[in-house]
Amino acid sequence: MKLVVFIKRTFILLLLFFLFDLLISLVLINGLNRYYGFDQKPSILINGSSMAISGFNRADIESITASHVAAYAQEGVSVSDRYEMINHFFHMFPQGVKTVVYEVNPVIFSDTKSAENVYTHFFPYMDDKSINNYIKENAGNQEYYIYKIIRTKRFESRVIRLIVQGYLGKYNSVKTNTLDTATMIYMEGQRGEAEVTLEESEIEVFEKTMELIRSHNTDVILIMMPMYYLKLQSFNSDGYRELCNYFKDFSSSHGGIRFIDLNLDSLIYNPDYFSDPLHFNVNGQRQITGIIGRILLMHH
Amino acid sequence: MVFTSLNFLLFFPLVALLYYISPKKWRWVTLLVASFFFYINIKPVYVLLLIGVTCSTYVFTILISNARDDSRRTLYLVLNIILVLLPLFFFKYFSTINTIMIRLLENWSLHWPLPEIKYMLPLGISFYTFMAIGYSIDVYNEELDAERNLGLVALFISFFPLILSGPIERAKNMLPQFRDYRPINYENVTAGLKLMVWGYFMKLVVADRIGIYVDLVYGDISTQNGSSLIIAAVLYPFQVYADLGGYSLIAIGTARVMGLDVIQNFKRPFFSTSMAEFWRRWHISLISWLTDYVYTPLSFRFRKYKIWGIVIALMLTFLVSGIWHGAALTFVIWGLMQGTFLSLEAVTNKKRTSFEQKYNLSANKIYHLAWMIITFVLFASSQIFGRAATIDDALLVYRRILTETGSPYLDLTTLLYSFIGILIILLKDFKDEYFQGKMSFFSNSRAWIRYSAYLTIIFIILLFGVFKGNSFIYFQF
């Protein structure tokens, strides 16, 4: 008799578990959508890596442009990961947006690999078919099915923070510390010159991404994100020039695509704008956001 | 296979099911096969050591049991202890001693013939070795008869919930349970599952979250200031408690589901008002083992020195405890610190008691709270030696804490989750300590409260658990 009760109760518990799993995941995905700006139809999409996260204050860009902005940026993403992000975005908003701000950087075509386990960032959006396939390709079978079956597990603590920010309406990531130039000089001295290479496979994915965006009748602004001048100088100058020329040629030969190099003297020589050589702090974010806001305002 | 792996979550229900559907007479065989399968999954070759320890213990306990004169019995016991300790000594201490010899002789320009060798410590060896020795001594002391069934001895030593990190069980508790037929019991199954869920919460939500901060700070002590090191030093005892305490609860819960009772390993240690009480509540199975097989014989031997005999016995017992924890001088110092704290308490015990009586402090809550804090501070400060990689590192931590303040390293998300986790554990312990049986969520008479509690804790584990590591702190011991 007690065994029957036990089985019955286990069944009820499992039923409740999956019900709450669904409900909780809906609440969480709603918060995450708010954080990224997917909660309403955006006019502008910002896409990039951690450099974009540190550089753009979504709320400020919205107030400058008087448009709703979505900021879909993830740490450690490669060009291929970003293709999946853009594809996912257009699945949600097939009618497209006015403009996509696409962050580029000196190593965009150098690193053929994304950061380790970067696919885990996309677990929350596993219900999207393309994201689901992308995760299936990258994750192990066991891992894939756990996340597929248990929805709440898709939201790790890092994402919970973003969800809370989404519900609180605090979309930007702000660092307040200032670049320690002495340590940086030492570190860069240790590292030596960094190569800027243009891998064919990466360029191919990039061009496919641009094609995808343009097919939705959307303009693109390619923004070369600024970095502290010592870091910029650490990159091979010929390679960097070749990369910029590629973007210039590409944008001039394709309609609706602009390329802007934001490595301006007024930005890159001021350590007060950076929290580390590649990422902005609150002061730098204010500057970049202002510039991007004005560019978008003129563009629209 | 470890408790936090998906493999275990598939393995365990299957074993429990097989256990209950096995014929009564052969249930122990199911557990034995499951235990060896569990251990082989970690590194197959180490199962040979396990078999060696089992065979040696089986043969010598029977010899002890059959021997008629005491000298033979003692000889068999000593032989077994030496044989059982050999693998532990070799894998745990040989490399360290060898390295020390190389360094020492290098200073005198002498060549030590053995090269520097590093071995991976077989998981659980310290635990099952102690269980085997405890069983041999119990047979020697005629506290129980030698088990004639090799399979049952093998099961006792290899029982999968306990083999990796304890609790260090006693044969007189486990062997009769393995022999008995235990029908499926609803209360046992649910009680076991509740313990397991709480154990997973302690491990995945609290211990592994704290570990992110502690590992980062202790990983590069030279770049940390005193404030960060204080935070790490305060957090570390909670990490160990949640880690080993969590592991123990999962182990106890796993056994309970199959109707087997295993010794409690922690009893709300942070509510202790003295170090003596603390060690009656912390890692109980190890301390009771040391009390029975090391401290009691030693204090008996040194009884003529009265209180100083107790001091010697305490110091030696905790020296053994330190060495058991690891082959490093940091653990020796850690053990000696515990011995010193307990010795000081033993020496001043009468004065403290009369002081408490004189000022009627035994019922004074603030007085108790103050001693709880003092006890925690003493333990946390000794744990610096337990966590630091070298003595120099540990001394640097003390120096920085005492002399260098400044803004601490703040990983706000990690610290926030850690402190909330610690608070939840302390609140539960507080309730169990002072309001036992009251305000129970898991055992509430109302089904909706029970179910809500189960679901809440499961979702907390899923959302806030750290699933990246697959290890427990005590695996290294």
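1. On the surface, a patch of negative charge is formed by A:Glu199, A:Glu200, A:Glu204, A:Glu207 and A:Glu211. The model in which this patch appears is a predicted one. One of the patch members, A:Glu200, belongs to helix α9 of chain A, which covers residues 200-215. A:Glu200 has a relative accessible area of 60% and is therefore exposed, since the threshold for that class is over 50%.

2. Chain B carries a patch of another character. B:Tyr305, B:Ile307, B:Trp308, B:Ile312, B:Leu316 and B:Val347 make up a nonpolar surface patch of about 520 Å². The most is given by helix α12 of chain B (residues 307-325), which supplies 4 residues. B:Tyr305, also in the patch, sits in the loop between α11 (284-301) and α12 of chain B. The relative accessibility of B:Tyr305 is 43%, so this residue counts as partly exposed.

3. The loop that holds B:Tyr305 deserves a second look. B:Lys306 lies in the loop between α11 and α12 of chain B, and its phi is positive, at about 50°, although the residue is not a glycine. With a relative accessible area of 67%, B:Lys306 is exposed.

4. A second residue of this kind should be noted. B:Glu142, likewise not a glycine, has a positive phi of about 60°. B:Glu142 is placed in the loop between α5 (125-140) and α6 of chain B. Its relative accessibility of 61% makes B:Glu142 exposed.

5. The backbone has a further feature in the loop between α6 (150-158) and α7 (171-179) of chain B, where B:Pro167 is found. The peptide bond leading from B:Gly166 to B:Pro167 is cis, and its omega is near 0°. For context, most peptide bonds are trans, and most residues other than glycine have a negative phi.

6. The final point concerns B:Ser443, located in the loop between α16 (412-434) and α17 (447-464) of chain B. B:Ser443 counts as exposed because its relative accessibility is 51% and the class begins over 50%. Leaving aside residues up to four places away in sequence, B:Ser443 touches B:Lys194 and B:Arg450. B:Ser443 and B:Thr190 are separated by 253 residues in sequence, yet their C-alpha atoms are 9.7 Å apart in space.

Technical notes:
Residues are numbered from 1 along each chain as its sequence is written. Chains are lettered from A and ligands numbered from 1 in the order in which they are written. This is a predicted model: local features need pLDDT of at least 70, side-chain atom pairs count only at pLDDT 80 or more; totals for chains, interfaces and linings use all residues. Side-chain values use heavy atoms; hydrogens and water are left out. Helices (H or I, at least four residues) and strands (E, at least two) are DSSP runs, numbered from the N terminus. Buried means under 20% relative accessible area, exposed over 50%, partly exposed in between (1.4 Å probe, protein chains only). Contact means heavy atoms within 4.5 Å. Patches are made of residues with over 30% relative accessible area and no salt bridge: like charges are joined within 9 Å, nonpolar side chains (Val, Leu, Ile, Met, Phe, Trp, Tyr) within 5 Å. Accessible areas come from the Shrake-Rupley method with a 1.4 Å probe; for residues, only the protein chains shown count as cover. A salt bridge is a side-chain nitrogen of Lys or Arg within 4 Å of a carboxyl oxygen of Asp or Glu. Lys and Arg count as positive and Asp and Glu as negative; His and the chain ends are not counted. The place of a charge is taken as NZ of Lys, CZ of Arg, CG of Asp or CD of Glu.
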